[in-house]
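Reader: I would like to go through this model step by step, with the reasoning behind each value spelled out. Could we take the questions one at a time?

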Amino acid sequence: MEYRSDTDKIYVRLDRGDEIMESLMDICKKEGVKSALFRGIGACSDAVVGTYIDEKREFMPHVKKDTMLEMISLMGDIVTDDQGEMHEHAHAMFAYLDGEEVRYFGGHLLKAVTLYTAEIALEPVKGGTISYQKEPTRDLNVWKFGW
């Protein structure tokens with residue numbers, strides 16, 4: 001992994017074997033970023049996406065793939081709660097070959113390991129912070145603005 005900062009963004013290059021969300025969380029901790037948005041593309045393997053199941057109050061993995069995957073879209077956020085704990089929320093879309101057919105899957109990103117490279121722009125929130133608060137009817141984490 002390597003990254004560089006300018007005044008508004010942190011540009012990240014992930015390398016083979018780097019777990020995407022773990023790497024972004026590490027950068028935020030090292031750079032003192034409390035809340036940020038991100039987007040990216042890349043080539044991955046060993047990816048797991050899920051769907052939130054309301055009755056269980058958790059994300060259920062619905063696709064697990066360990067093959068060459070084109071990550072055609074990654075977007076999400078990292079926030080810090082009132083207790084100082086960091087949380088990520090990401091969605092991703094992948095394409096892969098199944099014989100001669102191109103297949104797609106996506107959803108809430110639970111895990112993705114970089115196969116060749118991933119290129120991600122991490123945008124720290126300026127002028128305030130975003131944290132989480134509980135949404136009262138579903139017990140879900142929703143954004144809480146700190147400015």
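Reader: Is Tyr96 buried or exposed in this structure?
Author: In this predicted model, Tyr96 belongs to strand 6, which covers residues 86-98. A residue counts as buried when its relative accessible area is under 20%, and the relative accessible area of Tyr96 is 13%, so Tyr96 is buried.

Reader: Which residues does Tyr96 touch, when those up to four places away in sequence are not counted?
Author: Touching here requires heavy atoms within 4.5 Å, and the C-alpha atom of Tyr11, for instance, is separated from that of Tyr96 by 26 Å. With residues up to four places away in sequence left out, the residues that Tyr96 touches are Lys65, Thr67, Met68, Leu69, Glu101, Val102, Arg103, Tyr104 and Phe105.

Reader: What distance separates the C-alpha atoms of Gly42 and Ala118?
Author: Gly42 sits in strand 3, residues 36-53, and counts as buried at 15% relative accessibility. Beyond its neighbours within four places in sequence, Gly42 has contacts with Leu69, Glu70, Met71, Thr117 and Ala118. Although Gly42 and Ala118 are 76 residues apart along the chain, their C-alpha atoms are separated by 3.9 Å.

Reader: Which residue in strand 3 has a phi near 50°?
Author: Most residues other than glycine have a negative phi. The residue in question lies in strand 3 and counts as partly exposed at 25% relative accessibility. Its phi has a positive value although it is not a glycine, and the residue is Asp46.

Reader: Where along the chain is Gly17 found?
Author: Gly17 touches Val113 and Thr114, once residues up to four places away in sequence are set aside, while its C-alpha atom is separated by 33 Å from that of Asp54, 37 residues away along the chain. In terms of the secondary structure, Gly17 is placed in the loop between strand 2 (10-15) and helix 1 (20-31).

Reader: How many disulfides does the chain have?
Author: A disulfide needs two cysteine sulfur atoms within 2.5 Å of each other, and the count under this rule is zero. For Cys28, which is in no disulfide, the nearest cysteine sulfur is that of Cys44, at 18 Å. Seen from Cys44, the closest cysteine sulfur is in Cys28, and that distance is too far for a bond. Cys28 is buried at a relative accessible area of 1% and Cys44 counts as buried at 0%, while the number of disulfides is zero.

Reader: In what order do the helix and the strands follow one another from the N terminus, and what is the radius of gyration of the chain?
Author: The chain has one helix and nine strands, and from the N terminus on the elements run β-β-α-β-β-β-β-β-β-β. The globule rule gives 15 Å for 147 residues, and the chain comes close to that value, so it is as compact as a globular protein of that length, with a radius of gyration of 16 Å.

Reader: How far apart do the centres of the positive and negative side chains lie?
Author: The chain carries 18 positive and 27 negative side chains, and its accessible surface comes to about 8500 Å², with 50% belonging to carbon and sulfur atoms. When the centre of each charged set is taken, the separation between the two centres is 2 Å.

Technical notes
Residues numbered from 1 in each chain as written. Predicted model: local features only at pLDDT ≥ 70, side-chain atom pairs only at ≥ 80, totals over all residues. Heavy atoms only, no water. Helix = DSSP H or I, 4+ residues; strand = E, 2+ residues; numbered from the N terminus. Rg over C-alpha atoms; globule rule 2.2 N^0.38 Å. Areas by Shrake-Rupley, 256 points an atom, 1.4 Å probe, with all protein chains shown as cover. Lys, Arg positive; Asp, Glu negative; His and termini not counted. Charge placed at Lys NZ, Arg CZ, Asp CG, Glu CD. Buried < 20%, exposed > 50% of the residue type's maximum accessible area, 1.4 Å probe, protein only.
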